[in-house]
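Trainee: I have just opened this one and would like to talk it through slowly. Could you walk me through it?
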Amino acid sequence: MFFLIRELAGWVLLLCALYLISISVRYVGDRQVVEAGVLVAASLLVMRAGMLLIRMSMAARICQQSEQPDVVRGTNRPQ
Amino acid sequence: MPQTDGNQASDPRHDPLMLRKQQYALTMIAVAALLMIQLQNPWIPTAMRVIFVAAVLLGFLRWSAAILLALIQLDLLLGEPPRAESAQQVLCMVTSFLTIVLIMTVSRLRSAQELTGVRTIRQLLRSTLFSLLNPDPDLQSAHDARNSQGLVSGAAVFRTCTKVLILMLAAGTLLLLFPEDTGSGRQLGLTSPALRVIQIGLVLFTLYFACLVLPGEFRWRRLTRHQAGIYLRSLYVGWAHRDLRMIVRHRLRRRRRNARLRRRDARKNADATLKETS
């Protein structure tokens with residue numbers, strides 16, 4: 001359950017980053033380039049944090065689930 | 001444009017070296033045309049021209065498509081005319097076409113570099129001279145056959161034209177979605193086309209994110225336990241790296257000090273036994 005909450009938090013952070021980018025597009029439309037640049041930098045940081053949360057919670061969940069023998073997962077390598 | 005698959009590398013009929021030479025020739029033509037256009041543009045500052053020429057010439061050494069893309073973005077930001085007349089619009093279209101050709105050729109050059117193992121122009125010239133001095137009859141006949149058929153097959157030309165058309169359609173759609181701001185005045189030295197480039201760049205970044213990162217995140221769900229364990233361990237070790245380094249250094253220092261003390265004691269004992277025996 002805790003992993004799920006963490007993963008949801010990661011997706012929420014990703015959506016926040018996209019929202020920030022949309023705001024920065026609007027800023028550029030209003031000729032406010034510096035503000036847009038600051039927002040894009042912030043959105044990149046938020047995006048990175050969200051991706052880290054998702055990946056970490058997913059890996060932790062896989063590690064925990066594999067201790068239960070009835071769980072079947074794919075064996076493809078990630079790219 | 002010719003294809004460079006892994007299966008074709010082992011086939012002597014598709015000589016990667018010849019392919020590389022053709023791509024170099026195409027790239028040289030595109031770069032020369034771009035340079036001529038840039039040098040003739042009256043609205044581009046001299047410093048910008050010098051930077052452009054230097055960066056393109058540097059690109060010959062390593063051929064990084066990312067550098068070229070950044071350069072072209074910079075060129076669009078600073079060099080685009082505020083209000084283009086009809087002749088300048090044609091020039092802009094030619095520049096765009098040459099840019100697309102350049103980027104496509106440079107990305108192809110990467111695969112050709114991996115196939116041939118030839119990284120620089122000097123290595124390419126050396127291998128060309130070597131092949132001229134020691135001609136391989138199989139490759140020579142393959143070259144003759146290909147020369148009789150033309151350098152590029154019709155299917156490859158069709159594929160390339162389709163790709164360029166798709167790119168142009170996508171670019172046209174984006175340009176329609178984000179019309180140019182006709183308001184007068186400049187801010188931060190940027191013209192309205194430059195602002196439009198930034199706006200479209202942000203939208204493209206979002207699309208890139210959606211098309212590339214999101215599937216990657218979903219693919220992440222198919223990790224095995226071993227892979228997930230390695231990732232978690234590396235992550236936690238990365239977080240605790242400073243503390244771990246401090247602990248290990250402290251232990252090493254203590255071990256060195258103990259060893260030094262032990263050596264000193266041993267030397268004292270040895271001296272004492274020598275004095276006793278003497």
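Trainee: To start, in which helix is A:Leu8 found?

Mentor: A:Leu8 sits in helix 1 of chain A, which covers residues 2-29; helices here (H or I, at least four residues) are DSSP runs, numbered from the N terminus. Please keep in mind that this is a predicted model, in which local features need pLDDT of at least 70, side-chain atom pairs count only at pLDDT 80 or more, and totals for chains, interfaces and linings use all residues. Residues are numbered from 1 along each chain as its sequence is written, chains are lettered from A and ligands numbered from 1 in the order in which they are written, and side-chain values use heavy atoms, with hydrogens and water left out.

Trainee: Okay, new topic: how many salt bridges does the structure hold?

Mentor: There are 3 over all chains, where a salt bridge is a side-chain nitrogen of Lys or Arg within 4 Å of a carboxyl oxygen of Asp or Glu.

Trainee: What does A:Arg61 form a salt bridge with?

Mentor: Its partner is A:Glu7, and the closest N and O atoms are 3.5 Å apart. Because A:Arg61 lies in helix 2 (residues 33-65) of chain A and A:Glu7 in helix 1 of chain A, the pair ties together parts that are 54 residues apart in sequence.

Trainee: And is A:Glu7 buried or exposed?

Mentor: A:Glu7 is buried, with a relative accessible area of 5%, whereas A:Arg61 is partly exposed at 23%; buried means under 20% relative accessible area, exposed over 50%, and partly exposed in between, with a 1.4 Å probe and protein chains only.

Trainee: Which other side chain meets A:Glu7 in a salt bridge?

Mentor: That is B:Arg221, at 2.6 Å from N to O. B:Arg221 lies in the loop between helix 9 (192-219) and helix 10 (225-239) of chain B and A:Glu7 in helix 1 of chain A, so this pair joins two chains. A:Glu7, A:Arg61 and B:Arg221 are thus linked in a network of salt bridges.

Trainee: What about B:Glu217, what does that one pair with?

Mentor: B:Glu217 forms a salt bridge with A:Arg55, the closest N and O atoms being 3.0 Å apart, and this pair crosses between chains, from helix 9 of chain B to helix 2 of chain A. B:Glu217 counts as buried at 2% relative accessibility, while A:Arg55 counts as partly exposed at 24%.
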